[in-house]
Amino acid sequence: MHVRHCIISAPGKAILHGEHAVVHGKVALAVSLNLRTYLELKATSAGRVSIDLPNIDTFLSWDLSDLQPLVSESFAQPEEAQRLDPELLGRLREFVGVADGNLDTRSMATLAFLYIYLSLFGSGELPGLSVCVWSELPTGAGLGSSAAYSVCLAAGLLTASGAIPAPLRDPSAPARWCQEDMELINSWAFQGERIIHGNPSGVDNAVGTWGGMLRFLSGKIIPLSRVPLLRILLTNTKVPRSTKLLVAAVKDKLTKFPAIINPVLDSVDAISCTCEKTLAEMTSEPITGEHYNVLEELIDINQSQLCVLGVGHPSLDTLCRVTLTHGLHSKLTGAGGGGCGITLLRPETDAAVVRDTVRDLQACGYDCWETSIGGPGVQQHGAPSVREDILERLGPR
């Protein structure tokens, strides 16, 4: 073990614009949320490896002697993260008792952890360690919680194995890795996402790694160098939805009405590009009210387009109606059909307005958080730079 103790965090994500249009070769803008997942890794001498996941009431522990045989036939060098080892994954499924098609959160989180751990340490004697992961992000809400988890696992285990150096120098301030190291973190996090989701786009783990805002087009992910930090209200309607079914429904609508739906997708693409241009202006010149006027208009137009595509929901209509009564503008984020929405808050938006809006949304049965978008990606922390309540959830010092 090159690092005996570390604390890592990675952000969740929201899709600002480009929902559903991205699968048809259009531009999507994904942004990081200032709601994070935290991982604490400690080396132990107990001859065991364990993972504690308080968010889903899960604690699992294994004898190293039981894990060692699983890697006797297969070992990946850190730079080989581009390929998923089906033999190792198959042995892990059998070891954990996870049948093909079982997608419950606990099983998928366990498989991702053991796969990355055994892949990175399997060339030698497995180290004893304990890992605790706690998240501010709700699971299954389309906010990239699994990707933030995978990014934290990749960064923590790569650092502990010595594949990348620990960047932390001042415990009172978070530290980030260099570009090359973040690319390696991202590639291993993508393997975690593949284990959890099967065929992910790679957007979520890229946002968790680099933070800020990403431009996604035809499989190419481009981090935008500078983006403004925007205040938002994030609302979870708590209405479950199936991304797979919603995407299929949009595809079916496109097949039936190509002359109608194609222009809508082109318009969504244009909104993404206009939004990107506006945000770039906000980093290169003084921010004005007109910038926020444009962003609010784009939000309203995009929400209407998403309803045309058939991915709206009465719960999201209620969200937009309630926030508009307070002069705020909202849209869905992610697949739609329920799930989450984002509401833009201007710098001058009064705290009382936010408080009253949250009250009214909570009265609808929704969960709300005031947060921001465009914050940093994966970071290493010293304990002094982590909030006390988070340290308490990660366990005793």
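**The largest pocket, the largest cavity and strand β5**

Good morning. The largest pocket has a volume of about 1600 Å³. Of the 50 residues lining this pocket, those closest to its centre are Ser146, Glu193, His197, Asp204 and Thr243.

I should say at once that this is a predicted model, in which local features need pLDDT of at least 70 and side-chain atom pairs count only at pLDDT 80 or more, while totals for chains, interfaces and linings use all residues. Residues are numbered from 1 along each chain as its sequence is written, and side-chain values use heavy atoms, with hydrogens and water left out.

Some terms come next. On a 1 Å grid over the protein atoms alone, a pocket is an open set of points with protein on both sides within 12 Å along at least five of seven lines, a cavity is a set where a 1.4 Å probe fits but cannot get out, and lining residues have an atom within 4 Å of a point. A volume is the space filled by probe spheres set on the points, which are joined across faces, edges and corners. Helices (H or I, at least four residues) and strands (E, at least two) are DSSP runs, numbered from the N terminus.

Several elements each supply at least two residues to the lining of the largest pocket, including β1 (5-17), β2, α3 (105-121) and β5. The largest share, four residues, comes from α7. By class, that lining holds 23 nonpolar, 20 polar and seven charged residues; here Ala, Val, Leu, Ile, Met, Phe, Trp, Tyr, Cys and Pro count as nonpolar, Asp, Glu, Lys and Arg as charged, and the others, Gly among them, as polar.

Let us turn to the enclosed space. The count comes to one cavity of 30 Å³ or more, and about 80 Å³ of space lies in the largest cavity. Among its lining residues are Leu16, His17, Cys275 and Thr343. Strand β10 gives the most to this lining, with three residues. The lining has nine nonpolar, two polar and no charged residues.

Finally, which strands pair with β5? Two strands pair if DSSP finds at least two bridges between them. Strand β2 (residues 28-43) runs antiparallel to β5 and is joined to it by seven bridges; Glu40 has Cys132 in β5 as its bridge partner. Strand β3 (residues 48-53) pairs with β5 in the parallel sense over four bridges, and Val49 has Leu129 as its partner there. Six of the seven residues of β5 (residues 129-135) are buried (under 20% relative accessible area, 1.4 Å probe, protein chains only), so this strand is largely enclosed by the rest of the structure.

Notes: Buried < 20%, exposed > 50% of the residue type's maximum accessible area, 1.4 Å probe, protein only.
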